[in-house]
Structures are given as C-alpha cells and as structure tokens.
Amino acid sequence: MNNILKPDLYDVLCNSTSGDVLFSHAEELFPILRSITGEGIRETLRYAEEKTRNFKLTDIPSGTKVLDWIVPDEWNLKSAKIKNTNGDVLVDVANSSLHIMQYSTAYRGEVSHDVLMQHIFTLPDQPDLIPYKTSYYNKNWGFCISENHRNNLIDPEYRVEIDASLEPGNLTYGEVLIPGDTEEEIFFSIHCCHPSLANDNLSSFSIVLELIRALQMIPRLRFSYRFVFVPGTIGAIAWLSNNFESCHKIRNGLVLSCLGDSGDITYKKSRNEKCSTNHYLQWLIDQEGKGRVLAFEPYGYDERQYCSPGFNLPVGCLMRSPNGTFPEYHTSADNLDFIKPEYLLESFKFIAKFISLVENDVFPVSKFPYGEPQLGRRGLYPSSSGDVSNAQDVPSQMSILWVLNLADGEHSLLDMMIKSGKSFASILSTVDLLSKGDVIHLSQVRCGLSAQI
Amino acid sequence: MNNILKPDLYDVLCNSTSGDVLFSHAEELFPILRSITGEGIRETLRYAEEKTRNFKLTDIPSGTKVLDWIVPDEWNLKSAKIKNTNGDVLVDVANSSLHIMQYSTAYRGEVSHDVLMQHIFTLPDQPDLIPYKTSYYNKNWGFCISENHRNNLIDPEYRVEIDASLEPGNLTYGEVLIPGDTEEEIFFSIHCCHPSLANDNLSSFSIVLELIRALQMIPRLRFSYRFVFVPGTIGAIAWLSNNFESCHKIRNGLVLSCLGDSGDITYKKSRNEKCSTNHYLQWLIDQEGKGRVLAFEPYGYDERQYCSPGFNLPVGCLMRSPNGTFPEYHTSADNLDFIKPEYLLESFKFIAKFISLVENDVFPVSKFPYGEPQLGRRGLYPSSSGDVSNAQDVPSQMSILWVLNLADGEHSLLDMMIKSGKSFASILSTVDLLSKGDVIHLSQVRCGLSAQI
Amino acid sequence: MNNILKPDLYDVLCNSTSGDVLFSHAEELFPILRSITGEGIRETLRYAEEKTRNFKLTDIPSGTKVLDWIVPDEWNLKSAKIKNTNGDVLVDVANSSLHIMQYSTAYRGEVSHDVLMQHIFTLPDQPDLIPYKTSYYNKNWGFCISENHRNNLIDPEYRVEIDASLEPGNLTYGEVLIPGDTEEEIFFSIHCCHPSLANDNLSSFSIVLELIRALQMIPRLRFSYRFVFVPGTIGAIAWLSNNFESCHKIRNGLVLSCLGDSGDITYKKSRNEKCSTNHYLQWLIDQEGKGRVLAFEPYGYDERQYCSPGFNLPVGCLMRSPNGTFPEYHTSADNLDFIKPEYLLESFKFIAKFISLVENDVFPVSKFPYGEPQLGRRGLYPSSSGDVSNAQDVPSQMSILWVLNLADGEHSLLDMMIKSGKSFASILSTVDLLSKGDVIHLSQVRCGLSAQI
C-alpha cells in the first residue's frame with residue numbers, strides 16, 4: 001500500500017513543460033473561427049487529438065434531445081463581409097473571427113445605413129475594441145466591430161455578404177480518460193467554443209493539453225482523470241446526458257477558464273459546500289498567500305450544469321481573473337498579448353499542486369496507536385535530549401509527532417496539515433518515512449482506527 | 001399547488017387599515033380600569049368581540065388549578081379615594097386607573113399620615129409620574145401617585161375609601177382562530193390586563209384587531225392563525241392548561257407587546273434557538289436595516305410560559321422598545337401621547353411582512369433538475385447574449401438561475417433569499433413565474449429532490 | 001439525590017492548606033537526585049506515601065514490555081566528580097543533582113581536555129546556569145555545568161569518577177485512588193522524574209499531596225479521584241499498559257506541571273476537542289479574566305500518551321508558564337527561588353474550583369416544567385411587584401428563572417452558567433434552593449425532560 005504515495009508527483013508534472021510550450025498551443029489555435037458547432041471547434045479538438053493519446057471525439061447529431069435541450073443545427077461560416085457600394089471591403093471576418101455574431105444566418109444583399117446599424121454591435125465605452133456576441137437560438141445576422149470603426153461607416157448604402165450554413169450536422173466534444181487504480185475520477189472541463197479569445201479559453205485548453213501529456217507519462221495513478229473539452233453550456237449538457245449514470249464517479253472536479261492573465265488565482269466553490277474539492281482549493285489558495293475563494297453562484301461557466309440540483313457534483317471553477325471582471329473580457333483585447341507564458345505556467349503548477357495533493361491525500365493509520373511508539377529504537381527520534389525545546393525547531397520531529405497523533409484513520413494528509421500548520425512537503429515526507437518504517441499504514445478511505453487494528 | 005403562493009398578501013394586508021384606525025382602538029380602550037380578572041378586562045375583550053368574527057371568550061372559575069397555578073378570585077373595584085378630614089378628595093381612581101394598586105383589598109377608615117405613607121407608592125426619580133403596581137397574591141391595599149403629589153399630603157390624618165370586592169368569579173380570556181389549509185398554527189399572544197397603559201399593551205391589542213379583520217377577509221390561508229388575548233402570566237398559563245395537548249400545533253408564534261412607541265423593532269428570540277420563528281424574524285430585521293434581535297431570557301412577557309421547558313414552543317416576543325428600557329414604562333407617561341399612529345402602522349406592516357413570508361415560504365422543486373432547463377425556448381431568458389455580464393444587472397435573470405439551482409426541495413424561499421442575497425419580492429415573483437411556467441412545483445414541506453422525481 | 005450537591009466544597013478544599021505548607025513539600029524534595037528509575041524517585045514517592053493514605057506503589061521489572069516500549073534498566077548514581085590531576089574536585093554531583101547527565105554510564109579514568117569537553121554540556125546563552133540533560137536510551141556519560149564554569153577548565157588533563165550502576169531493577173510509579181459514588185474518574189497525572197527542578201515539577205507534586213489529603217477528608221464524593229505519580233513518558237506508558245482496559249473510566253483528566261511560577265494559568269486542551277474537560281477549563285479560565293487556553297499539540301508532557309489516538313482520553317494539561325517558554329526552564333534557575341507559596345496556593349485553588357465545578361455539575365430537571373411554577377406560593381418570588389425591572393437587579397430572581405427555564409435535563413450547571421451569564425455561586429445556590437424546595441430534582445447524567453416526568 002505504501003507505493004500509493006507519490007512524493008515527487010508535483011515535481012514530475014512541473015518539469016514536464018514550460019511557459020513557452022503552453023503559450024505555443026494558444027498561438028496555434030488562436031486564429032481558428034470556433035463556435036459551439038462546426039468545423040472550427042472540430043479543428044480545435046483535432047489539434048488536441050494529435051497532441052495526446054486516447055483522445056476520443058463524440059458526435060451528437062443535430063436534433064438530439066440532451067437533458068432538457070435539443071442539439072442545434074451545425075453552423076459553418078465561409079466568409080462574411082460588409083462592402084461599400086464601390087465594392088471596397090469595410091469589414092471582413094477574415095481579419096478577426098470576432099467580426100461575425102456567432103450563428104449569424106446567411107445574408108446577401110444591399111442594406112441602408114439605418115438597417116445596417118441594427119445589425120452592428122459595438123462597445124461604446126471601449127471604442128477601440130470588437131465585442132464577442134452570439135445568437136444561438138434566435139435567428140438573426142450581425143457584425144461586431146469597434147465603435148470607432150462604426151463611426152466611419154457614413155455611407156447611405158452597403159452590401160452585406162454572409163456565406164453561412166446552418167444545417168443538420170453534429171455537435172462534437174472531446175475527452176480523455178486516464179485510468180487509475182480506482183474508478184473515482186478527478187474531472188476537468190474546458191469550454192472550447194470561443195473564437196479568437198486567448199484567455200477565455202485557449203489558456204485552459206493549452207494548460208490541459210500539457211497536463212494530459214504529463215499524466216499519461218505517470219506509470220500508475222490512484223484516481224482516474226477525465227478531461228472534457230466541450231462547447232459551453234450545450235456541450236456540458238450533452239456530456240452529462242451521455243454520462244448520466246456514471247458522472248457520480250466524479251470525486252473532485254474543476255471547470256477551467258481564463259488561466260493566462262496576470263490576475264491571482266480565483267476558486268469559485270462548488271454548490272455542494274462541504275465537498276472535498278472546496279476544502280482542497282481553499283487550503284491551496286490559503287497556502288499561496290494570495291488569490292481568493294468565491295461563493296458558489298449559479299452563473300458563470302459550466303459549473304452551472306455540473307452543479308445543477310439533480311447532479312450537484314463536487315465541481316468548482318478555477319480561474320485567474322473571473323469572467324466579467326476584467327475590461328478585456330469578451331472583446332478583441334482578450335488576445336495573445338493578454339496572456340503570458342509565465343501566468344500559464346503558474347496556473348499549470350497550481351493545478352499540478354492540486355493533483356499532487358489529491359493523489360497523496362490518504363488516511364494514515366498508526367500500527368502503534370496506544371501511547372507513542374518508541375521512535376528512538378527505530379532511529380526516528382534524537383536519542384539524547386538536552387533542551388527538548390529544540391524539537392520545536394526541527395520540523396520533522398514535530399511532523400512525526402503530529403502524524404502519529406492524528407494517524408487514526410479519520411485524518412487525511414490535508415486534515416493533518418490543517419491541524420498541525422505544517423507544510424505539505426513536511427507532512428508528506430513524514431508520512432512517507434513512517435510508512436516505510438512500518439509504523440503507519442495508509443488507507444485510501446476514511447476509516448476508524450478500531451476498524452483497522 | 002401553484003395557488004398556494006400569495007404574492008399580493010402583504011399589499012392586501014397593508015391596504016386594509018391605517019394608522020388612525022389603529023390608534024382609534026387604543027383611544028377607545030385607554031380609560032378602562034383593567035386587571036387580570038374582573039369587569040375591566042371583560043369589557044376590553046368584548047370590544048374585540050364586536051370588531052371581529054368568531055371571537056371566543058373562555059371563563060375559568062376562581063380556584064381552578066391551571067398547571068401549577070390556581071385561578072385567583074375575581075377582583076372588581078367600584079371606587080377608591082383618599083380624602084382629608086374635611087372630606088376633600090385628594091386622590092381618586094376615577095382620575096387615573098393607575099392610582100389603585102391592582103388587587104387592593106377593600107378598606108374604609110381613618111389613617112394617620114404615617115400609616116397612609118406605608119400604602120402610598122411613588123417614583124421618586126420621576127416625580128411627576130404615577131407608577132403602575134400590583135399585588136395579586138399578597139393581600140394589601142395601596143395607592144399609586146406621583147412623588148410631587150405625595151409631598152403635598154402633609155395633613156396628620158386622612159380618610160381612605162376603597163370599595164373593592166375579591167370574590168370567586170372567573171378569569172376570562174379571548175381568542176380567535178382563523179382556519180387555514182393545515183392545522184399548523186401561526187400564533188399571536190397579547191396580554192390585555194394592564195389598565196391605562198397605551199404602549200404596554202393597547203398598542204398590540206389595536207394592531208391585532210386590524211390584523212384579524214384583514215386575515216378574515218383572505219379567502220384561503222395556508223396556515224391556521226390563532227390570536228390569544230390573555231391576562232399576563234396567569235392567562236397564558238390558563239390557556240396553555242386548556243390547550244395542553246394541542247398547543248404543539250404552533251408552527252410559529254409571537255408574543256406582542258409595546259408596539260406603538262418610536263423605538264426600532266426588537267425581536268427577542270424563542271428559547272428554541274433553531275426554530276424557524278427565529279430565522280424568519282432575524283431575516284426580517286436584517287432586511288429592515290434597523291432594529292435588533294435579542295437572545296432569549298426567561299424574563300419579560302408570556303414567552304416565559306410558552307418557552308417553559310415542558311412546552312418549549314417556537315414563540316418569540318416582538319416589541320419596539322423592550323420592557324423596562326424606556327422611562328415611560330409602567331408609568332402614567334405610557335399614555336396616548338406616547339404612541340403614534342405611524343408607529344402602530346409600521347408595526348402592523350412588519351407583522352404583515354412576517355405573515356406574507358410565512359405563507360409564501362414553500363419549497364420549490366425543479367421539474368428539470370439535471371442541467372439548467374432551456375429557458376430561452378420557454379421565453380425565460382434573453383435569446384441573444386452579447387456581454388453576458390449584463391445578466392448581473394438583471395435581477396430577474398439571476399433570480400431565475402438562483403431559484404432553479406436551489407429548487408431541490410431542501411431550500412425554502414427564505415433559504416433562497418439568504419443564499420442569493422436577492423429580495424423577497426424578487427424571489428417570490430421568480431418562484432411564481434417558474435411555477436406558472438411549469439418548470440418547478442411547490443412543496444409545503446422540506447423534501448429531497450429524489451423523493452419528488 | 002439533593003445531597004449530591006456540595007456548595008461548600010471549594011471553601012473546604014481551600015481552607016485545608018496554605019501556601020507555606022505547599023512550599024514546604026517542595027523544599028523537602030528538592031535536593032533528591034531523581035531519575036526515571038532508581039532510588040531517587042522511590043524516595044520521592046515514599047514521601048508521598050507518608051503524607052497520604054492508600055498510596056500504592058507499583059514496580060515494573062526492567063525488560064517488561066509496556067505498550068510499544070521496554071522498561072529500561074534501573075539507574076543509580078552514588079557519586080560523580082571531575083577532578084584535576086592534583087585531586088581537587090572541580091565538579092561534584094553532590095553540589096547539584098543537575099551536574100550529571102541522566103543515565104550516564106559508570107566511568108573512571110583520566111581524560112584530556114579535548115575528550116572531557118565532548119562530555120560537558122552548558123548553556124552558552126545563559127552562562128551562569130546549569131542545563132538539565134538526559135540520555136536514557138543512548139549509552140554515554142556527561143556532565144552539565146555552567147558555561148562560566150566550563151571556561152575555567154583550562155587544564156590539559158582531568159580525572160573523571162562516575163560511580164553509577166545500570167542494572168535490571170524496577171520502574172516504580174505511585175498512585176492514589178479515592179473512591180466516589182461512581183467509578184467514573186477524575187484523573188491527575190504528575191511526572192516526578194526530574195531532579196532538582198522546582199517548578200518542573202515539584203510544584204505539582206506538592207499541590208497534589210495537599211489535594212489528596214483534602215479530598216480524603218471529604219465524606220462522600222460523586223466521582224472517583226485518581227492521582228498518578230509517574231516518571232515522564234515511560235511511566236505514563238507503563239501506567240496505561242497496566243490500565244489498558246480500565247483507563248476509559250476517566251471522565252476528566254489533567255496532566256499537572258509547572259504550577260509554582262508567577263505566570264498566569266495555562267490550559268492546553270485535550271486532543272478530543274469536544275470533551276467536557278476542555279469545556280470546564282475554558283470556562284474556568286474565562287472566569288479568571290486572565291490566563292490562556294492553548295490548542296492541543298502532540299508535544300509537551302504526558303498528555304502525549306493519554307491523547308495518543310488509540311486512547312484519546314479526555315485529558316488536557318494544566319500549567320502556569322508552559323514548558324519551554326521561560327528562561328529558567330530545564331536549568332538550575334528552576335530552583336526554590338523560582339516558585340512562590342502564593343502561586344502554589346493560587347494553582348491549588350484553581351484546581352479546587354475545577355473539582356467543585358465537576359462535582360456540582362449535575363443536570364437539574366424541573367418537576368413543574370409546564371409554564372413557570374408559582375414561586376410566590378412557595379416563598380421564592382416577591383409577592384408584590386412594582387417596577388418589575390427591579391428583578392434584573394436581584395441576581396437570585398433572575399437565577400431562579402434561568403435555572404427553572406433550563407431545567408430540562410439537557411443543561412448542566414455549566415451550561416446554565418454559560419447561557420445565563422450568571423456566576424457559579426449564583427447558579428449553584430439557586431439550584432440548591434430549588435432542589436430543597438422540591439421544585440427540581442437533580443440528575444447525574446444528561447437526560448431528556450420527557451424521560452423524567
């Protein structure tokens with residue numbers, strides 16, 4: 001049982017990649033025009049398929065009922081332009097995938113200035129930026145441009161050319177399962193439907209690619225790891241619909257989003273207040289000495305679906321700057337300049353710490369629970385004690401005493417860290433030492449001492 | 001089931017009366033010389049009988065054992081005077097019902113200045129005011145006058161004439177039951193034994209008269225409402241004795257007192273710390289942004305009896321300025337100038353809010369608990385979302401998401417308000433909307449989601 | 001049942017001794033060279049045997065397995081000296097029992113300055129003081145002297161003469177059991193292995209001698225009291241080994257240490273966070289208005305053994321200045337000047353208060369739980385109430401109301417004090433009054449009201 005500990009897991013994961021590698025994925029994927037369906041998201045998922053092993057794509061035909069929703073028709077855009085009457089191109093989606101309102105219907109014709117303005121969306125308060133806008137379920141067409149750009153459109157007549165199709169096809173999502181010793185799953189969900197927005201959410205996509213690659217190199221994992229790449233909302237709902245019976249294998253889960261900007265780490269709690277995911281993340285952020293933990297609210301990303309009352313899964317949301325709180329959010333300013341290799345790597349390392357914590361969070365059970373075991377005889381204690389207050393200065397001595405005292409099968413390593421105030425490294429190495437010294441054994445589940453001896 | 005919601009109940013109740021009407025009851029009842037037994041309290045109760053329907057009077061003969069107590073003889077006073085030796089009237093209960101110590105024995109005779117002084121009670125620190133004093137169980141006679149008045153009594157001899165009777169009769173209390181869909185009761189207890197004291201407790205008496213009249217106009221109520229008008233202590237004990245088996249139907253209860261002065265609303269908690277009455281009132285007072293919630297203590301009004309350990313009923317006490325904390329308390333300054341129509345009305349409205357909250361505090365259960373229901377299809381969500389952070393500014397959108405997320409049968413409307421921080425109006429209208437839209441159904445009791453679907 | 005209350009117990013205990021008597025025990029015992037085994041600790045225990053009744057000595061032969069430990073050989077020291085080559089005595093354990101490192105092996109021979117220095121221990125930061133040092137399980141010899149003293153040892157050669165034996169013998173501990181009405185035990189553990197250190201731990205030894213004498217004079221006790229005098233660590237482990245099955249009779253326990261210095265009272269909690277020992281001590285220290293309560297940690301005194309996970313006994317540790325926090329700790333400055341009669345007496349009184357609280361902490365159950373009992377009829381209430389707010393100023397009236405209200409068999413006297421904010425004296429006298437007035441009865445255990453009436 002001792003080999004269930006992985007003291008070096010964090011280092012192994014962190015050494016597997018770099019900020020530049022993480023950033024390079026975002027660069028590759030940035031130009032693609034993605035939406036919740038269509039070739040753009042499939043191209044994006046195929047990129048992940050190439051970079052990892054056992055990547056599985058799932059197609060769900062348009063019209064399929066998924067929970068309370070219906071999978072929409074597949075949308076594909078060939079081109080979208082606004083021209084003046086001279087034929088000069090004034091707006092072209094080829095220049096920015098944000099220029100087209102997502103799910104715009106096909107349109108080809110002349111329109112007056114007044115009519116065109118009804119189909120133009122801008123951000124008057126951020127006159128340089130292009131907004132990101134969708135209209136999945138209300139048929140319409142529209143262009144998104146900067147306010148300054150709009151102010152230059154002063155001609156009385158324009159020609160609009162939107163070459164788009166909305167036809168029965170498929171909704172596609174991707175997933176990777178890395179099997180572990182148990183079927184209990186550590187779950188990550190990444191929305192990948194946004195077009196050229198770097199932080200939201202190519203940042204998470206890139207991090208997860210490297211995380212999968214690193215975990216697929218680990219010979220043996222305690223838990224199974226599942227990574228789900230979905231179009232927002234409808235994709236999470238489709239996945240839940242397809243995994244209705246089995247999704248309760250999820251032990252801990254994180255929706256990942258906006259992980260490349262300079263903000264501090266933010267964890268938004270799972271609805272299930274007392275789930276261990278909340279405890280893990282609270283502790284990890286406390287250890288960082290910065291960042292914040294937010295209460296659950298039923299708004300944000302796909303945690304809305306995972307935390308709907310019927311599922312109520314132990315899934316929270318990990319971000320740096322939260323959605324809607326930074327001026328670049330859902331605008332053309334969320335570009336490759338907005339995310340940095342160092343922040344991507346920091347986020348990667350934070351998730352690596354979470355994984356290391358989860359994998360190692362076993363329940364030690366003392367083999368000598370009655371009184372302290374005689375550590376001196378086993379070479380685990382100073383044999384001559386002078387000023388015993390010195391023991392306070394030797395973290396490993398106090399860590400040994402703490403672990404032994406709490407090794408009742410009711411306290412996991414996380415509990416031990418919280419009660420002792422000792423670091424993860426200190427408790428983990430102590431548990432490893434005592435386990436190798438045959439003084440404790442390790443249980444994967446909470447268990448009373450009396451059930452063990 | 002949907003019709004159990006009463007979104008307009010608060011407005012209906014508030015529109016049924018006015019501060020002037022509330023005040024007029026106090027004016028009518030102020031002059032009556034009341035005590036715990038006798039014609040005064042019966043006259044007071046008959047006033048309530050005239051103003052309401054189904055008012056029931058209960059007589060309990062003197063000598064009856066009620067719990068650990070014995071109903072005392074009935075006390076009636078015809079007149080009480082102190083005269084000088086010339087026959088000039090110096091003190092006359094006809095001028096103030098407070099002049100006689102309650103339950104004074106009959107007395108007719110000459111007394112020296114010294115003896116008289118042993119039977120005179122004043123408030124030396126408030127030399128203009130007459131105190132209120134009782135001696136129910138210790139036979140004696142006495143007069144209550146102002147300190148200034150007492151200082152003028154400098155003759156050596158006086159004639160005392162107290163024409164009182166203390167004979168077997170009845171203790172009388174009144175009550176009104178307004179039946180609802182369930183036998184569970186919302187309970188109000190009002191002590192009405194005090195003579196001419198306006199705030200303590202004609203204020204509550206007046207408010208309750210109008211509350212009964214308003215509730216008797218509501219075609220259908222979820223809970224039954226019981227209003228009990230009792231002489232303090234012995235009356236509450238008599239009522240409990242007569243309702244020993246059935247008093248546990250009380251779901252929420254309030255002893256009402258001192259509701260006409262300018263102080264902020266005060267709620268003194270029920271002994272049963274976790275009862276829903278405490279939660280309701282805590283929340284209501286939090287919403288007011290003023291007022292206070294006090295811990296239970298076994299001193300004060302008849303909550304002492306309702307919260308005795310054998311009953312331990314979910315009954316707290318609602319006041320404005322609490323007993324003993326204002327200088328007018330139990331003096332002749334607690335008169336009709338001390339209470340104001342506006343404060344009476346404000347108290348009435350506060351209780352109306354409590355009733356509206358209780359009646360509407362059902363447990364929504366989602367019919368589509370797995371993932372979010374597709375609101376757009378049902379016209380409950382903006383079909384095109386641009387900057388979705390706008391949804392934060394649309395309370396009804398967030399309210400819809402909150403209600404759906406918490407509609408697991410474990411959260412009542414109060415729970416939803418507390419978790420979401422949304423207003424009562426917002427959550428109530430949202431629950432109404434979703435219920436009419438057939439997205440949720442409403443349970444009267446806490447129930448797990450799984451028991452419902 | 002009424003006679004289970006002992007309102008005068010605290011006074012009886014406190015009047016039984018004085019600071020000077022307490023100090024005199026420490027004086028008598030100070031010079032003895034004690035260790036965890038040998039004649040020194042046996043001589044110390046025999047002193048306790050003389051001063052008390054029913055003192056029981058237990059010998060455990062060397063080599064006996066006690067839990068995970070082995071009882072070591074018995075160590076006895078006849079003399080230990082360092083001489084110069086002229087035969088002048090430079091260091092002599094006859095001058096201070098601290099001069100010899102505990103469990104030093106026998107040695108006789110010449111050594112160079114360099115070799116000697118490897119066997120000399122000092123406190124360089126406290127150059128006047130002799131350290132206290134042990135080497136129980138690592139065979140070696142050593143002397144402890146002051147840094148200044150060491151600096152005077154400038155000769156090239158010395159003669160060392162340690163006349164010590166380490167041979168099979170016994171480990172000896174002492175204990176006193178004072179039987180009470182129940183087998184549930186109030187437990188005290190005192191380590192008595194240290195040589196001439198006054199605060200650590202002759203202070204506790206002295207206090208406990210007087211406490212035993214006082215308790216042995218009390219005709220009838222509710223609980224049984226056990227006092228255990230053990231060599232640190234190995235003694236507690238030996239006692240636990242010998243009482244493996246019965247130690248769970250311990251209802252409340254305290255390890256006593258360092259109770260004679262000028263610091264405020266310190267309570268270090270039991271590992272079992274919710275045990276009543278923690279509640280009692282927290283309340284007692286709150287009442288003191290000074291002192292502190294520390295979280296449990298698995299370091300310190302023998303609470304480490306009693307609170308090991310297999311036993312998890314409700315045992316905390318009571319000190320004044322905690323171990324390792326004062327400069328005199330484990331040095332020759334922890335002498336008879338460091339402890340004072342007044343502090344010893346104050347500690348004694350604090351423990352007396354704890355015992356009085358525990359003995360009197362019964363669960364009152366009202367015989368009239370429905371409504372308030374009519375106290376006036378029983379002479380327990382003012383028969384005439386004028387300004388009833390006066391009752392607030394009469395603690396006994398409010399105490400009566402509190403006790404009656406909480407007399408549901410769920411609230412002990414401690415609970416009543418916490419909820420009412422009333423003093424121990426006030427609640428105790430009230431419970432006594434109401435019990436004698438036959439209004440309540442007293443249960444030794446928590447019990448629902450309904451089970452009683």
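**Close-up views of a predicted model**

**Figure 1. Confidence of the predicted model.** Chain A has a mean pLDDT of 94, with 95% of its residues at 70 or more; pLDDT is the predictor's confidence in each residue, from 0 to 100. Residues 383-395 of chain A fall below a pLDDT of 50, and this stretch makes 25 contacts in the model beyond near neighbours in sequence, a contact being heavy atoms within 4.5 Å. The ipTM is 0.92 and the pTM is 0.93. As this is a predicted model, local features need pLDDT of at least 70 and side-chain atom pairs count only at pLDDT 80 or more, whereas totals for chains, interfaces and linings use all residues. Residues are numbered from 1 along each chain as its sequence is written, chains are lettered from A and ligands numbered from 1 in the order in which they are written, and side-chain values use heavy atoms, with hydrogens and water left out.

**Figure 2. Relation of chains B and C.** Chain B is superposed on chain C by a rotation of 120° with 0.0 Å of shift along the axis, at an RMSD of 0.1 Å; the fit is by least squares on the C-alpha atoms of residues with pLDDT of at least 70 in both copies. The two copies are therefore related as by a three-fold rotation axis. Within chain B, the C-alpha nearest this axis belongs to B:K274, at 12 Å.

**Figure 3. Helix α13 of chain B.** Helices (H or I, at least four residues) and strands (E, at least two) are DSSP runs numbered from the N terminus. Helix α13 covers residues 424-436; its 13 residues should span 18 Å at 1.5 Å a residue, and the end C-alpha atoms are indeed 18 Å apart. The expected span is 1.5 Å times one less than the number of residues. Buried residues of α13(B) include B:F424, B:I427, B:L428, B:V431 and B:L434, where buried means under 20% relative accessible area, exposed over 50% and partly exposed in between (1.4 Å probe, protein chains only). After α13(B) comes B:D438, with a positive phi near 65°.

**Figure 4. Cysteines without a disulfide.** With a disulfide defined as a pair of cysteine sulfur atoms within 2.5 Å, the count over all chains is zero. A:C275 has its nearest cysteine sulfur, that of A:C307, 7.8 Å away, and A:C275 is buried at 6% relative accessibility. In chain C, the sulfur of C:C307 lies 7.8 Å from that of C:C275, too far for a bond; C:C307 is buried at 0%.

**Figure 5. Surroundings of B:I100.** B:I100 lies in the loop between β5 (89-92) and β6 (107-112) of chain B and is buried at 1% relative accessibility. Among the residues it touches are B:L33, B:W75, B:F143 and B:I162. The C-alpha atoms of B:I100 and B:G142 are 6.2 Å apart, although 42 residues separate them along the chain.

Key
Lists of a residue's contacts leave out its neighbours within four places in sequence.
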